[in-house]
Amino acid sequence: MKQGIHPDYHKVVFMDSSTGYKFLSGSTATSNETVEWEDGNTYPLIRVEISSDSHPFYTGKQKFTQADGVVDRFNKKYGFTNK
């Protein structure tokens, strides 16, 4: 690999803003905020809006009502019924 052209890859802590869930991972992202991790070291803190702790796919709280609502409105508008 060429030297000096790749961004600095280091450990950072990602924090889900909605749940407060934190996890340590490697990234090239940087931040002015820092946090002390469980191992006693200080790492940059990256705030994210959604993670596996709050995403509907992973939490099982996925909603399908919008798609059902569209079908119901179509059937109601054009008089179709399930027979």
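This passage walks through the fold, the nonpolar core and the aromatic rings of a predicted model.

The chain is built from 4 strands and 2 helices. Read from the N terminus, its elements follow the order β-β-β-β-α-α, which puts the strands ahead of the helices. Of the 83 residues in the chain, 18% are buried. The chain exposes about 7100 Å² in total, and carbon and sulfur atoms supply 51% of that area. Among the contacts with a separation of 6 or more, 35% join residues that are 24 or more positions apart.

A good place to begin a tour of the interior is the largest nonpolar core, which has 6 residues. Its members are Val13, Met15, Val35, Trp37, Tyr43 and Leu45. Two strands, β1 (10-16) and β4 (42-48), each give two or more residues to this core. Methionine 15, one of the core residues, offers a useful view of the surroundings. Neighbours within four places in sequence aside, methionine 15 touches Gly20, Tyr21 and Lys22, and also Leu45, Ile46, Arg47 and Val48. Leu45 thus appears both in the list of contacts of methionine 15 and among the members of the core.

Tyr21, another contact of methionine 15, leads on to the aromatic rings. A pair of aromatic rings is described by the distance of the centres and the angle of the planes. The model holds 2 aromatic pairs. In one of them, phenylalanine 14 and phenylalanine 23 are stacked, with 5.5 Å from centre to centre and 25° between the planes. The planes of tyrosine 21 and phenylalanine 23 stand at 35° and their centres lie 5.9 Å apart, so this pair is tilted. The angle decides the label here, because planes under 30 degrees apart count as stacked. Through these ring pairs, Phe14, Tyr21 and Phe23 are linked into a cluster.

How do the three rings of this cluster stand with respect to the surface, buried or exposed? Phenylalanine 14 has a relative accessible area of 14%, so this residue counts as buried, the limit being under 20%. Phenylalanine 23, with a relative accessible area of 29%, is partly exposed. Tyrosine 21 is also partly exposed, at 37% relative accessibility. The cluster of Phe14, Tyr21 and Phe23 therefore includes a buried residue, phenylalanine 14, together with the partly exposed phenylalanine 23 and tyrosine 21.

Technical notes:
Residues numbered from 1 in each chain as written. Predicted model: local features only at pLDDT ≥ 70, side-chain atom pairs only at ≥ 80, totals over all residues. Heavy atoms only, no water. Buried < 20%, exposed > 50% of the residue type's maximum accessible area, 1.4 Å probe, protein only. Contact = heavy atoms within 4.5 Å. Areas by Shrake-Rupley, 256 points an atom, 1.4 Å probe, with all protein chains shown as cover. Phe/Tyr/Trp six-rings, centres within 6.5 Å; stacked < 30°, edge-to-face > 60°. Core = buried A, V, L, I, M, F, W, Y, C linked by side-chain atoms within 4.5 Å.
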